[in-house]
Amino acid sequence: MSHGLVPSRRSAQSIGFADREEKMTQTLTALGAMSGTSLDGVDAAVLVTDGETVESFGSSGYRPYGDAERATLRAALGRWDGDAVEAAARVVERAHAEILSGFPGVALVGFHGQTLAHEPRGRGTLQVGDGAWLARVLGLPVVWDFRSEDVRHGGEGAPLAPFYHWALARWIGATEPVAFLNLGGVGNVTWIDPSRERPEEEGALLAFDTGPANAPLDDLMLRRRGLPRDEDGGLAGQGKPSREVVERFLRHPYFGRRPPKSLDRDDFPALASLVEHLPDADAAATLVACTAEAVGQAMMRCPRPPSRLLVTGGGRRNATMMAMIARAAQCPVEPVESAGLDGDMLEAQAFAFLAVRVARGLPTSAPGTTGVPEPTCGGRLSRPTEG
Ligand SMILES: Nc1ncnc2c1ncn2[C@@H]1O[C@H](COP(=O)(O)OP(=O)(O)OP(=O)(O)O)[C@@H](O)[C@H]1O
Ligand SMILES: CC(=O)N[C@H]1[C@@H]2OC[C@@H](O2)[C@@H](O)[C@@H]1O[C@H](C)C(=O)O
């Protein structure tokens, strides 16, 4: 964990949000935080950006959830209100306050919170953690509740990292279409045409959730071995995937839907029972094959094959998953580190980037990323002095 000074070429500026409508042009030192669907912990990372271009990457940190905290979060998954949700919100707030207070020189915070429930075509989307409270505790402006506005306008509310992926494609100097694949609890892919001027431009981005990624495997490891994950894919590597199960999995209507589309963590509840009869290693291998085949399906939805598929998120450490994805994707598959990026912190950086966009009133989603009819600026801004 590093909490060093932010390596910014420009000094951090404190921003007056009164002129939000006037589209600020200054570069900010923003701190983003992500608590993802895998429930492993909070990632936090500094990014120096104007919300269009990445100027530099700053320090980062990770605050894992303890077992009791994780149990509290798990107990609230799929719920919209009530005591369990309130308890989860307090866990999320405390963990964020702890980690985010350790970064000096920050002008703005992007706080994703923890998704507990996601039903964009039904009850909406719920990320817990009160950004207004966090702003007061940190003494910093906080942008939060990034997804609701997009859902209110008819979008999926997810994925939201694609606008940042677009900036990264430019940062790495891509001239041909590239794609980013995030392997968290759920998987999501972003296909990018870097020749377009802006991410909201038609044809610049196509993004959607590919399917379950690590969550079903984590759940299996917990059920059968009492372990939080299949370290480096070691167990899955010893097993043989069941073709029959993978084929049944691929018959799920989600794969017939045209993108953009998004998922909740537990949208494939039958998957666990599909592998229940298999020995541990074969069950793990089968779940990994399901993830990989879902990525294969996703690649076929891209406007054309990307020149490379850059993989971020914890799943890139699962060697068995990476090997199966390389076979399914039909294009070069590499961890984002091969492009000079940090695959542990990319989502946290994304919410720093998006926070600056929100502060500037720039869109954070578009028809190609969430299916929202028009480019939309989501996110709520809370100042430390508010109520
Ligand atoms: N060494 C490893 N071997 C296998 N799996 C790993 C390893 N390290 C992390 N993971 C898996 O990666 C996941 C965590 O990754 P990450 O932090 O990117 O997900 P997240 O941000 O919580 O989820 P999402 O992106 O869906 O919101 C966990 O499911 C964990 O099991
Ligand atoms: C509703 C929600 O929290 N979705 C997450 C989840 O985790 C991965 C995938 O599903 C993606 O859609 C999204 O997160 C990333 C950060 C995103 O919005 O880009």
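**Notebook: two ligands, two helices and some backbone oddities**

I began with Ser 365, which counts as buried because its relative accessibility is 1%, and the cut-off for buried is under 20%. The model I am reading is a predicted one. I placed Ser 365 in the loop between H12 and helix H13, residues 367-370. I then looked for a partner of its side chain. The side chains of Ser 365 and Asp 150 are joined by a polar contact of 2.6 Å.

**Entry: helix H12**

From that loop I went back to H12, which covers residues 346-360. How many of its 15 residues are buried? I noted 14, so I put the helix down as mostly covered. I also checked its length. At 1.5 Å a residue, the 15 residues should span 21 Å, and the C-alpha atoms at the two ends are 21 Å apart, so the expected and the modelled span agree. Just after the helix, Gly 361 takes a positive phi of about 75°.

**Entry: helix H10**

I repeated the check on helix H10, residues 280-300. Its 21 residues reach 31 Å from the first C-alpha to the last, close to the 30 Å expected at 1.5 Å a residue. I wrote this helix down as mostly covered too, with 16 of the 21 residues buried.

I picked out Val 295, which has its place in H10. Is Val 295 buried or exposed? Its relative accessible area is 0%, so it is buried. I also took its distance to Trp 166. The two residues are 129 apart in sequence, and their C-alpha atoms are 19 Å apart in space.

**Entry: ligand 1**

Next I listed the surroundings of ligand 1. There are 21 residues around it, and Thr 37, Ser 38, Gly 185, Asp 218 and Asp 232 come nearest. By type, I sorted the shell into 2 nonpolar, 11 polar and 8 charged residues.

Which domains supply the shell around ligand 1? I found at least three residues from each of domain 1 (17-158 + 345-382) and domain 2 (173-339).

I then looked up single contacts. An oxygen atom of ligand 1 lies 2.5 Å from an N or O atom in the side chain of Thr 37. A nitrogen atom of the ligand is 3.4 Å from an N or O atom in the side chain of Arg 229. For Glu 231, I noted 3.3 Å between a polar side-chain atom and a nitrogen atom of ligand 1. Taken alone, ligand 1 exposes 650 Å², and the protein buries 92% of that.

**Entry: ligand 2**

For ligand 2 I counted 16 residues around it, with Thr 115, Arg 147, Leu 160, Ala 161 and Asp 209 coming nearest. Its shell divides into 7 nonpolar, 6 polar and 3 charged residues. Domain 1 (17-158 + 345-382) and domain 2 (173-339) each give at least three residues to this shell.

The contacts I wrote down involve oxygen atoms of the ligand. One is 2.6 Å from an N or O atom in the side chain of Thr 115. With Leu 160, an oxygen atom of ligand 2 is 2.7 Å from a polar backbone atom. With Ala 161, the distance from an oxygen atom of the ligand to a polar backbone atom is 2.8 Å. Taken alone, ligand 2 exposes 430 Å², of which the protein buries 98%.

Which elements give two or more residues to the shell around ligand 2? They are strand S4 (108-119), strand S8 (186-192) and H12. The largest share, 3 residues, comes from S4.

**Entry: backbone oddities**

Most residues other than glycine have a negative phi, and most peptide bonds are trans. I went looking for exceptions.

- The peptide bond from Ala 158 to Pro 159 is cis, with omega near -10°, and Pro 159 lies in the loop between helix H4 (148-152) and helix H5 (162-171).
- Pro 259 and Pro 260 are joined by a cis peptide bond with omega about -5°; I placed Pro 260 in the loop between helix H8 (243-250) and helix H9 (270-274).
- Asp 232, not a glycine, has a positive phi near 55°, and is found in the loop between helix H6 (215-225) and helix H7 (234-237). Its relative accessible area is 45%, so it is partly exposed.
- Gln 330 has a positive phi of about 60° although it is not a glycine, and it sits in the loop between helix H11 (319-329) and strand S11 (333-335). At 71% relative accessible area, Gln 330 is exposed.

Asp 232 also appeared in my entry on ligand 1, as one of the residues that come nearest.

Key. Residues are numbered from 1 along each chain as its sequence is written. Chains are lettered from A and ligands numbered from 1 in the order in which they are written. This is a predicted model: local features need pLDDT of at least 70, side-chain atom pairs count only at pLDDT 80 or more; totals for chains, interfaces and linings use all residues. Side-chain values use heavy atoms; hydrogens and water are left out. Helices (H or I, at least four residues) and strands (E, at least two) are DSSP runs, numbered from the N terminus. The expected span of a helix is 1.5 Å times one less than its number of residues. Buried means under 20% relative accessible area, exposed over 50%, partly exposed in between (1.4 Å probe, protein chains only). A residue is near a molecule or strand if one of its heavy atoms lies within 4 Å of it. A polar contact is a pair of N or O atoms within 3.5 Å; within protein, one must be able to donate a hydrogen and the other to accept it, and residues adjacent in sequence count only if both atoms are side-chain atoms. Accessible areas come from the Shrake-Rupley method with a 1.4 Å probe; for residues, only the protein chains shown count as cover. Ala, Val, Leu, Ile, Met, Phe, Trp, Tyr, Cys and Pro count as nonpolar, Asp, Glu, Lys and Arg as charged, and the others, Gly among them, as polar. Domain bounds come from an automatic or database domain assignment.
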